Amino acid sequence: MIELHRVWKVFAVGPVKVPALSDVSFRMGKGEFVTLHGASGSGKTTLLRLLYREELPTEGEIDVLDVDVPSLRGREVAALRRSIGVVFQDAKLLPGRTVYENVAFVLRVLGTPRREITPRVFDALRTVGLSARAQAYPTQLSQGEAQRAALARAIARKPLLLLADEPTGSLDETMAAEVIDIVKDIWAGGTTVLFATHQAALAATLRQRTLTLVSGRLVKDEG
Amino acid sequence: MLGFLIGEAVRDLRRAGRVAVAAILLITLSLAALGGFWLVSTNVGQAAAHWRDRVRIIVYLKREPSNADAQALVERVQVMPGVATARYVSKTEALGTLKQVLGKDASVAEQLPTNPLPASLEVTLTADGATPEGARGLIARLSALNEADDIGGGIDWIERLARGQRLLEIIGLGVGAVLALAAILTVTTATTLVLHLRRQELEIMRLVGAPELVVRLPLLLQGMLQGLLGAVMAIWVLIAVYTLAGPQLEPLVSQTLGLERLAFLSTQTVVVLMFAGTLLGGCGGWLARGRTEP
């Protein structure tokens, strides 16, 4: 499903080279739930961005869903991303659209037949427990609800892989637990999940395989 | 899908607000200017064509020939390149025409002791002959006739009219081009503003793997929509000006250019203007396209 081999990502800040990831290698199988743990700035987000090709590696090989990611161009990038769901710490909901419209928007832009949109949106909203808030605007949602709406948007198109970049980072314990339960439900449904968090306690409670990043180096792979 | 894309384009247009309105007005202005020059040029062109059809070259003869000689002369002239028709006008016919022109003062002509008017040939030109070069060549050939005393008429002033028409077209294109450039830049600005307003949507679209066409098409459609609206408004402006000013100008145009009524732009030209507007807007929308990949 995911395979990284000796991946480096170095950012140039003027004349200074700053390595965000150093010699990272790991494999992750289909249907796995893997927690990516590390402090802020350890390279978690960079690693996820490499997986959906928002960034290119400076060096190394990246395979996602049996595709050599760095070699992809244009349409191939879009095709890869159609199989990947991504959620972020900030939900990135579109402010001028309701929860329903936010979820429906991605289905529309992907050319989903009109008659399939409403049932799929409500399926996704049911999964995250937000059916009753379908007509609410993002400003009317709590942070937890906004994050659940973002999850609904990510799973409405039934991705094979879910990349969660600190989705609980700004939530209190109760809301975070709700979001984690939903992510686990999604995983139980067959979606492979890579869940990034800086919260050590949370990584421990997930009781899944955990990759630990420290200053861009993968220092631990356990569980 | 198309409905969704058009809906997004209209939504973007609303979001661009005043900048989009400014872009539409600039396109209206540029196309109205272009169309206005085109309109004037069309009518001047029609006048030039009208007068070119009526061009006559008169060959005044040294002496009045016999009927047989006149007939032979007409036949010789008729085969010259650039000649459409040649007609012999006798001294008597010329005097008759003068009397007709003088009307109630025709008695003045009757008091003349002798007919002072020369016999002549009235030559009309073919399309090839009705050019400056063609007419000059023909005049040279007619002057070379032994019977010819003097040559009258020509097409210099019609050519000046045609040159004026061409100048109008060039000025129209120049003014139109400058305004069109400004319109493209304004549409680009409006679309860039929309891009900024839509950056979150574009980010989501790219993140979920929306085809590049779906990402860009609303921007292109938005620009095209602005262009089309500008073109339609420009055509309405031209129709309004033509309807209001046309009847006021027609008597003047009739006296100066000889046209009975002013012509409006042809359907073909109107279609070209609408297409040009849509293209201008599309250019602006396309130029504002954003980043696609890292």
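1. Buried residues of helix α1. In this predicted model, the buried residues of α1(A) are K44(A), T45(A), T46(A), L47(A), L48(A), L50(A) and L51(A). The helix spans residues 44-51 of chain A, and because 7 of its 8 residues are buried, it is largely enclosed by the rest of the structure. After α1(A) comes R53(A), which has a positive phi, near 55°.

2. Surroundings of L51(A). One of the buried residues of α1(A) is L51(A), and its contacts deserve separate mention. When neighbours within four places in sequence are left aside, L51(A) is in contact with I2(A), I62(A), V64(A), V69(A) and L163(A).

3. Nonpolar cores. The largest nonpolar core comprises 70 residues. Those with the most contacts inside this core are L51(A), V103(A), A152(A) and L163(A). Helix α3(A) gives the most to this core, with 8 residues. A second core, separate from it, has 38 residues, including A33(B), V194(B), L221(B) and I235(B).

4. Geometry of the α3–α5 pair. Which helix of chain A has an axis that comes within 8 Å of the axis of helix α3 (residues 99-109)? The partner is helix α5 (residues 143-155) of chain A, and the two axes cross at roughly 25°. An angle under 35 degrees counts as roughly parallel, and α3(A) and α5(A) are therefore roughly parallel to each other. The crossing in which α3(A) passes α5(A) is right-handed.

5. Residues of the α3–α5 contact. On the side of α3(A), the residues are V99(A), N102(A), V103(A) and V106(A); these meet A149(A), A152(A) and R153(A) in α5(A). By residue class, the contact of α3(A) with α5(A) divides into 5 nonpolar, 1 polar and 1 charged. Both V103(A) and A152(A) take part in this helix contact, and both are among the residues with the most contacts inside the largest nonpolar core.

6. Contact between the chains. How many residues does the contact take from chain A and from chain B? Chain A supplies 19 residues and chain B supplies 15 residues. On the side of chain A that touches chain B, the elements giving two or more residues are α2 (75-81) and α3 of chain A. Of these, α2(A) gives the most, with 5 residues. The residues on this side of chain A divide into 10 nonpolar, 2 polar and 7 charged.

7. Recurrence of α3(A). This helix appears in several of the points above: α3(A) packs against α5(A) through residues such as V106(A), gives the most to the largest nonpolar core, and gives two or more residues to the side of chain A that touches chain B.

Key: Residues numbered from 1 in each chain as written. Chains lettered and ligands numbered in written order. Predicted model: local features only at pLDDT ≥ 70, side-chain atom pairs only at ≥ 80, totals over all residues. Axes fitted to C-alpha atoms, helices over the stretch in contact; angles between N-to-C directions. Helix = DSSP H or I, 4+ residues; strand = E, 2+ residues; numbered from the N terminus. Parallel < 35°, antiparallel > 145°, perpendicular 65-115°, else oblique. Left-handed = near helix turned anticlockwise from the far one by under 90°. Contact = placed C-beta atoms within 7 Å. Nonpolar A, V, L, I, M, F, W, Y, C, P; charged D, E, K, R; others polar. Buried ≥ 20, exposed ≤ 12 C-beta atoms within 10 Å, placed from the backbone. Core = buried A, V, L, I, M, F, W, Y, C linked by C-beta atoms within 7 Å.
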